[in-house]
Amino acid sequence: MANLSWKVAILRVLAEAGEPLHYGEITTRIFQQGLKSTSGATPKATVNQTITSSIANEGSESPFKRTARGMYALREVEVGAPASGTDEVSDDGTNPIEAFGYYWGRDWVRWQTSPRLYGRQDPRANRVDLADQQGVYLLHDARGTIYVGQTASLGLGRRIARHHFGRLASRWKWFSWFGLRPVDNRGNLGDPAATTTTAQLIDLMEALLIETIEPRQNRQAGQGMGDEYLQADDPKYDRRR
């Protein structure tokens with residue numbers, strides 16, 4: 001497997017694609033094509049930052065062009081007319097919801113005083129413990145969502161662990177979550193954004209409704225969503241017992 005720089009790997013993927021791609025799809029193709037042998041904890045964020053930094057610092061000399069929110073192409077590639085306002089509106093890469101996970105398995109977690117909730121941005125990315133995320137969560141049974149809750153100072157892991165007791169203890173099998181804390185490339189959780197604009201708040205409300213209800217006429221995820229994390233095994237817990 002090669003281990004090209006992120007910029008060179010991105011250039012190769014976009015040149016081969018010949019059309020705009022979302023930074024998440026660029027990341028996936030980099031790994032599928034074996035262009036990187038190491039990734040860190042947040043490869044999608046690294047790809048997005050590499051592109052946006054090039055555009056910001058190199059200006060017209062950057063090989064990249066933003067065509068829509070999170071979508072990029074090479075400048076020499078004809079990408080058609082950009083979405084209204086995309087050349088004027090800056091995309092700073094921030095999202096009200098920084099990270100999220102869908103239908104994580106209850107049985108994958110060792111529910112103790114301080115449970116660990118491990119996830120990965122990509123199967124080849126480093127594992128991250130997301131137990132201290134802040135935000136909202138949903139509990140699901142076989143028929144759908146049965147409970148919606150929130151957590152701030154307590155943290156996602158310890159808050160959900162409380163549902164092993166009381167009236168919901170035997171009813172839920174999966175959980176989904178939406179976190180406000182950003183994750184850096186070493187897997188550390190940062191502080192939520194200090195301020196949220198009206199536009200970001202509207203994006204946030206729309207994103208949560210689209211992602212949780214999944215209306216059939218919405219063909220893309222709501223704006224304001226960060227990166228999805230896939231649930232990963234806890235190395236200190238054998239869930240097969």
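Two residues are said to be in contact when heavy atoms of the one lie within 4.5 Å of heavy atoms of the other. In this sense, and leaving aside its neighbours within four places in sequence, Leu130 of the predicted model is in contact with Trp104, Leu117, Gly119, Leu156, Trp177, Val183, Leu189 and Tyr229.

Leu130 also belongs to the largest nonpolar core, which holds 21 residues, and is listed with Trp111, Leu117, Ile160, Phe175, Trp177 and Tyr229 as the members that touch the most other members. Several elements contribute to this core, since strand 4 (97-105), strand 7 (135-141), helix 4 (156-161) and strand 9 (174-179) each supply at least two of its residues. The largest share, three residues, comes from helix 4. A second core, separate from this one, consists of 17 residues, among them Leu4, Ala9, Val13 and Ile26.

The chain as a whole has 241 residues, of which 44% are buried, and its secondary structure comprises five helices and eleven strands. Of the contacts between residues at least 6 apart in sequence, 64% join residues that are at least 24 apart.

Three of the strands form an open sheet, in which the order is 1-3-2 and the pairing is antiparallel. Strand 1 (21-22) and strand 2 (64-68) stand at the edges of this sheet and have a single partner strand each, so that one side of each is left without a neighbour in the sheet. The antiparallel pairing of strand 2 with strand 3 (residues 71-74) runs over four bridges, and in one pair Lys65 has Ala73 of strand 3 as its bridge partner. Helix 1 (residues 6-17) packs on the sheet and touches strand 1, strand 2 and strand 3, while its direction makes an angle of about 85° with that of strand 3.

A charged residue in another part of the chain was also examined. Asp227 lies in strand 10 (residues 225-228) and is buried, yet it has no salt bridge. The nearest side chain of opposite charge, that of Lys44, is 5.0 Å away, whereas a salt bridge requires a side-chain nitrogen of Lys or Arg within 4 Å of a carboxyl oxygen of Asp or Glu. Lys44 is nevertheless among the residues that Asp227 touches, and the others, when residues up to four places away in sequence are not counted, are Tyr23, Ala45, Glu98, Ala99, Phe100 and Gln121.

Conventions:
Residues are numbered from 1 along each chain as its sequence is written. This is a predicted model: local features need pLDDT of at least 70, side-chain atom pairs count only at pLDDT 80 or more; totals for chains, interfaces and linings use all residues. Side-chain values use heavy atoms; hydrogens and water are left out. Two strands pair if DSSP finds at least two bridges between them. Axes are lines fitted to C-alpha atoms, for helices over the stretch in contact, and angles run from 0 to 180 degrees between N-to-C directions. Buried means under 20% relative accessible area, exposed over 50%, partly exposed in between (1.4 Å probe, protein chains only). Lys and Arg count as positive and Asp and Glu as negative; His and the chain ends are not counted. A nonpolar core is a set of buried Ala, Val, Leu, Ile, Met, Phe, Trp, Tyr and Cys residues joined through side-chain atoms within 4.5 Å.
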